[in-house]
Amino acid sequence: MRYALIGCGRISPNHIAAAKANGLEFAGLCDIDTGMLQDKVLKFDLAHVHQYTDYHEMLEKEKPELVAIATESGKHAAIALDCIKAGCNLIIEKPIALSLADADEIIKAARERGVKVCASHQNRFNKSVQKIREALEKNRFGRMFYGTAHIRWCRDWEYYARAKWRGTWQQDGGALMNQCIHNIDLLRWMMGDEVDEVIGMTDRLNHPYIEAEDLGIALIKFKNGAYGIIEGTTDIYPQNLEETLYLFGEKGTVKAGGQSVNCIEEWRFSDTLDDPEAVKKQFAENPPNVYGFGHTPLYADVIEAIENDREPYVNGEAGRRALELVLAIYKSAAEHLPVKFPLINCSTLDFAGRFSNKIMR
């Protein structure tokens with residue numbers, strides 16, 4: 001299967017490694033920054049692969065079957081629509097877009113063109129997450145009471161200075177949209193997906209050089225009667241602390257932690273079907289960074305979805321749901337009101353200038 005990558009920045013090594021692991025034929029690499037492009041060519045021995053600074057030219061000449069989009073978030077939608085028009089299947093880095101209108105257009109265009117779209121929420125493929133999902137689907141939790149997602153990370157001036165688009169409303173959003181959306185996706189997915197309403201608060205406490213939030217807190221009421229809590233920040237000193245997901249049900253309690261919810265740290269079920277200590281030992285990965293190991297199985301799933309004409313495990317609609325929840329938190333925080341679902345029209349640009357008059361103390 002002919003494969004191309006658009007965007008050779010921070011997350012691109014995971015995509016390249018996953019594509020190689022799955023035996024994809026590299027048709028092209030593209031980035032407007034030739035330095036980043038050459039860096040990946042050298043690191044991954046891709047000198048034989050055609051290189052481009054214009055993805056339109058690459059699509060026309062190489063005609064890839066599968067394209068991964070790993071550019072700044074604000075460009076995902078426009079590039080995705082061009083790729084769909086060219087008949088390409090897609091893996092789109094999170095978030096799928098920065099507005100619900102763009103996400104809807106991607107989903108609609110892909111359906112009309114008959115191509116597959118996958119939102120790259122790779123943590124769904126963590127061994128720990130798959131084990132938890134299996135327990136959920138077997139109803140081992142019983143009735144779900146509530147779940148919590150905590151993302152306590154550090155992002156400093158140097159991180160934002162390396163890419164000027166980060167932290168902007170036009171191209172990124174803040175901590176919730178960029179760093180926390182993976183765990184937000186997992187929480188919504190595990191708690192039944194259907195949200196009734198959200199109450200959110202956001203602030204910019206420690207990053208005066210960005211436009212968006214570095215702290216977001218939210219309460220969620222799900223339509224099944226369960227509740228959710230989100231706490232996400234990039235203000236932790238002096239380095240990343242944890243990313244955890246708790247699920248509390250009538251008959252089960254689970255905690256997933258580690259760098260990217262890649263370890264099961266608590267496993268308690270009334271059915272006693274398995275040994276908690278054995279589960280914790282078996283489902284404990286130690287990835288080299290917060291991106292984890294999920295890209296390789298995500299790619300395998302997308303390839304199989306294309307070959308068997310089925311939906312990817314994490315499809316465009318899943319990407320839209322994660323985006324919707326983040327935007328709803330932004331909207332609630334900006335308006336100081338609960339936000340009911342579904343959320344129809346909303347974009348990060350709706351919140352431009354939100355913290356412009358913020359005085360750092």
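I began with I91 and looked up its bridge partner in strand 6, which is C118. I note at the outset that the model is a predicted one.

I then widened the view to the two strands concerned, and found that strand 5, residues 89-93, is joined to strand 6 by four bridges, the two running parallel. Following the helix that lies against them, I recorded that helix 4, residues 76-85, packs on the sheet, where it touches strand 1 (2-6), strand 4 (66-69), strand 5 and strand 6. The direction of helix 4 makes about 170° with that of strand 5.

Next I traced the whole sheet, which is open and built of six strands in the order 3-2-1-4-5-6, with parallel pairing. At its edges I found strand 3 (51-52) and strand 6 (117-120), each of which pairs on one side only.

Since C118 had come up as a bridge partner, I turned to the cysteines and asked how many disulfides a search of the whole structure finds. The search returned zero. For C118, the closest cysteine sulfur is that of C83, and I take C118 to be unbonded there because the two sulfurs are 14 Å apart, too far for a bond. For C88 the closest cysteine sulfur is again in C83, at 5.2 Å, which is also too far for a bond, given that a disulfide requires the sulfur atoms to be within 2.5 Å.

Lastly I checked whether these cysteines are buried or exposed. C88 is buried, with a relative accessible area of 1%, and C118 likewise counts as buried, at 1% relative accessibility.

Definitions and conventions: Residues numbered from 1 in each chain as written. Predicted model: local features only at pLDDT ≥ 70, side-chain atom pairs only at ≥ 80, totals over all residues. Heavy atoms only, no water. Pairing = 2+ DSSP bridges. Contact = heavy atoms within 4.5 Å. Axes fitted to C-alpha atoms, helices over the stretch in contact; angles between N-to-C directions. Buried < 20%, exposed > 50% of the residue type's maximum accessible area, 1.4 Å probe, protein only.
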